[in-house]
Amino acid sequence: MRLKNVLLVVKDLEKSTKFYHDLFGLVTVLDNDGNIIMSEGLVLQDEKIWREFTGKEILPENNACELYFEERNIEAFAEKLEKLYPEAKYVNRLMTHSWGQKVIRFYDPDGHLIEVGTPL
């Protein structure tokens, strides 16, 4: 068995697709009527579909999990984030851990936590 996808519930598929493309270069692999499968195994699902199947509401910024990306040129990434999405809400701006890894943490437009760090 293997993990195939990670699904994020979003309010606006177009906005979220653009966000993940702009910042991480992910591209749409399949657009399936309210479910967009992107490269790297990320799936975006329309919030209405999620509510219909689960009967559950979404809790933005619940900090229960995060998407983690690695980027060698993290300074350039931080500048791109600030330029393209100045309204982004940060947990922490670019910082360096005691072990030398540089990281930045912020939320996507739907409150999903994202961390970008330099490779370990």
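Here is a short chat about the predicted model shown above.

Visitor: Hello! In what pattern do the helices and strands follow each other along the protein chain?

Guide: Welcome! The secondary structure of the protein chain consists of three helices and eight strands. Reading along the sequence, you meet them in the pattern β-α-β-β-β-α-β-α-β-β-β.

Visitor: What is the radius of gyration of the protein chain?

Guide: Let's start from the globule rule, which gives 14 Å for 120 residues. The value for the protein chain is close to that, so it is as compact as a globular protein of that length. The radius of gyration is 15 Å.

Visitor: What share of the residues in the protein chain is buried?

Guide: A residue counts as buried when its relative accessible area is under 20%. Of the 120 residues in the protein chain, the buried share is 43%.

Visitor: How far apart do the centres of the positive and negative side chains lie?

Guide: The protein chain carries 15 positive and 21 negative side chains. Taking the centre of each set, the distance between the two is 2 Å.

Visitor: Which residue in the turn between β6 and β7 has a positive phi?

Guide: Look first at strand β6 (residues 90-96) and strand β7 (residues 102-107), which pair in the antiparallel sense over four bridges. They form a hairpin with five residues between them. In that turn, the residue with a positive phi, about 100 degrees, is Gly100.

Visitor: And which residue in β7 does Met95 stand opposite?

Guide: Met95 falls within the range of β6, residues 90-96. Across from Met95, in β7, stands Val103.

Conventions. Residues are numbered from 1 along each chain as its sequence is written. This is a predicted model: local features need pLDDT of at least 70, side-chain atom pairs count only at pLDDT 80 or more; totals for chains, interfaces and linings use all residues. Side-chain values use heavy atoms; hydrogens and water are left out. Helices (H or I, at least four residues) and strands (E, at least two) are DSSP runs, numbered from the N terminus. The radius of gyration is taken over C-alpha atoms; the globule rule is 2.2 Å times the number of residues to the power 0.38. Buried means under 20% relative accessible area, exposed over 50%, partly exposed in between (1.4 Å probe, protein chains only). Lys and Arg count as positive and Asp and Glu as negative; His and the chain ends are not counted. The place of a charge is taken as NZ of Lys, CZ of Arg, CG of Asp or CD of Glu. Two strands pair if DSSP finds at least two bridges between them.
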